[in-house]
Amino acid sequence: MDCVEKKNADGEAPSVIDRYFTRWYRADMKGKPCEDHCVLQHSNRLCVVTLAETHPILREGRTVKSINYQISNGCSRLNNKVSGKSKRGAQFLTDFAPLCRITCSDETEYTIYSCIRGRLLEVNENILETPNLLLEKPSTEGYIAIILPKFEESKSITENLLTREEFESVVTKRSLSQPP
């Protein structure tokens, strides 16, 4: 009976995200308070960039007006065409490369960054048509992009990211320092 899966306190099996992905966080992206990002790293090195649950869009329940993958006049993440085993044509991203800009109904704009170095494999075009996926299912169908780090960097890409425990500590300190 050693092969029986452990279940959580509610008797449910762990979600696919909890089972196969490691959560990493980047708090206060580019010095902007509470603009937190989450990177889900699969055991095969693929990284999925999502909004952390403490990001103002999710925390304050904002309504998303538009999502724009057009980063500059000459660069659109939608033009990313990947082909072949070596992922030819993929855009190379640095830690602070912008992935998209999200505009809320109150005209607040947030830039979402890659958080890690690697090749951009895919952006989530589904959130262009259904922006509420960002709010309803941020870790699954509402993801921002999928990035493949270089093989030799796959262990070191998480050096600048926070573990779940470190991130929760940052969030706790942040909430204690803010007036009620």
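**Exercise 1. Is His55 buried or exposed?** Work it out, then find its place and its contacts.

*Solution.* Keep in mind that this is a predicted model.
- Step 1: The relative accessible area of His55 is 0%. Buried means under 20%, so His55 is buried.
- Step 2: Now place it. His55 sits in the loop between E3 and H2.
- Step 3: Look for partners beyond four places in sequence. His55 contacts Cys34, Glu35, Asp36, Tyr110 and Ile112.

**Exercise 2. Trace the open sheet and find its edges.**

*Solution.*
- Step 1: Walk across the six strands. Their order is E1-E2-E3-E11-E10-E7, and the pairing is antiparallel.
- Step 2: Check the two ends. E1 and strand E7 (92-93) each have a single partner strand, so each has one side without a neighbour in the sheet.
- Step 3: Zoom in on some pairs. Strand E2 (residues 37-42) pairs with E3 through five antiparallel bridges, and Cys38 has Thr50 in E3 as its bridge partner.
- Step 4: Try the other end. E10 and E11 are antiparallel and share four bridges, with Val123 opposite Ala145 in E11. E7 and E10 also run antiparallel, joined by two bridges, and here Leu93 faces Gly118 in E10.
- Step 5: What holds such pairs together? Strands of a sheet pair through backbone hydrogen bonds.

**Exercise 3. Describe the surroundings of Tyr25.**

*Solution.*
- Step 1: Start with its element. Tyr25 belongs to strand E1 (residues 21-26).
- Step 2: Check how accessible it is. Tyr25 has 0% relative accessibility, so it counts as buried.
- Step 3: List who it touches, skipping neighbours within four places in sequence. Tyr25 is in contact with His37, Cys38, Ala52, Glu53, Leu161, Leu162, Thr163, Arg164 and Phe167.
- Step 4: Pick out the polar link. The side chains of Tyr25 and Arg164 make a polar contact of 2.3 Å.
- Step 5: Compare chain and space. Tyr25 and Thr50 are 25 residues apart along the chain, and 9.7 Å separates their C-alpha atoms.

**Exercise 4. Explore the nonpolar cores.**

*Solution.*
- Step 1: Take the largest core, which has 32 residues. Which members touch the most others? They are Ile67, Ile102, Leu134 and Ile144.
- Step 2: See where the members come from. Elements that each supply at least two residues include helix H2 (56-59), strand E4 (64-68), strand E8 (98-104) and helix H4 (133-136). E8 gives the most, with four residues.
- Step 3: Follow one member. Leaving out residues up to four places away in sequence, Ile67 touches Cys100, Arg101, Ile102, Ile127, Leu128, Pro131 and Leu134.
- Step 4: Don't stop there! A second, separate core holds 13 residues, among them Cys38, Leu40, Val48 and Ile146.

**Exercise 5. Spot the unusual backbone angles at Asp28 and Glu107.**

*Solution.*
- Step 1: Recall the usual pattern. Most residues other than glycine have a negative phi.
- Step 2: Look at Asp28. Its phi is positive, about 50°, although Asp28 is not a glycine. Asp28 is in the loop between E1 and E2, and its 30% relative accessibility makes it partly exposed.
- Step 3: Turn to Glu107. Its phi is positive too, near 70°, and Glu107 lies in the loop between E8 and E9.

Notes: Residues are numbered from 1 along each chain as its sequence is written. This is a predicted model: local features need pLDDT of at least 70, side-chain atom pairs count only at pLDDT 80 or more; totals for chains, interfaces and linings use all residues. Side-chain values use heavy atoms; hydrogens and water are left out. A nonpolar core is a set of buried Ala, Val, Leu, Ile, Met, Phe, Trp, Tyr and Cys residues joined through side-chain atoms within 4.5 Å. Buried means under 20% relative accessible area, exposed over 50%, partly exposed in between (1.4 Å probe, protein chains only). Contact means heavy atoms within 4.5 Å. A polar contact is a pair of N or O atoms within 3.5 Å; within protein, one must be able to donate a hydrogen and the other to accept it, and residues adjacent in sequence count only if both atoms are side-chain atoms. Two strands pair if DSSP finds at least two bridges between them.
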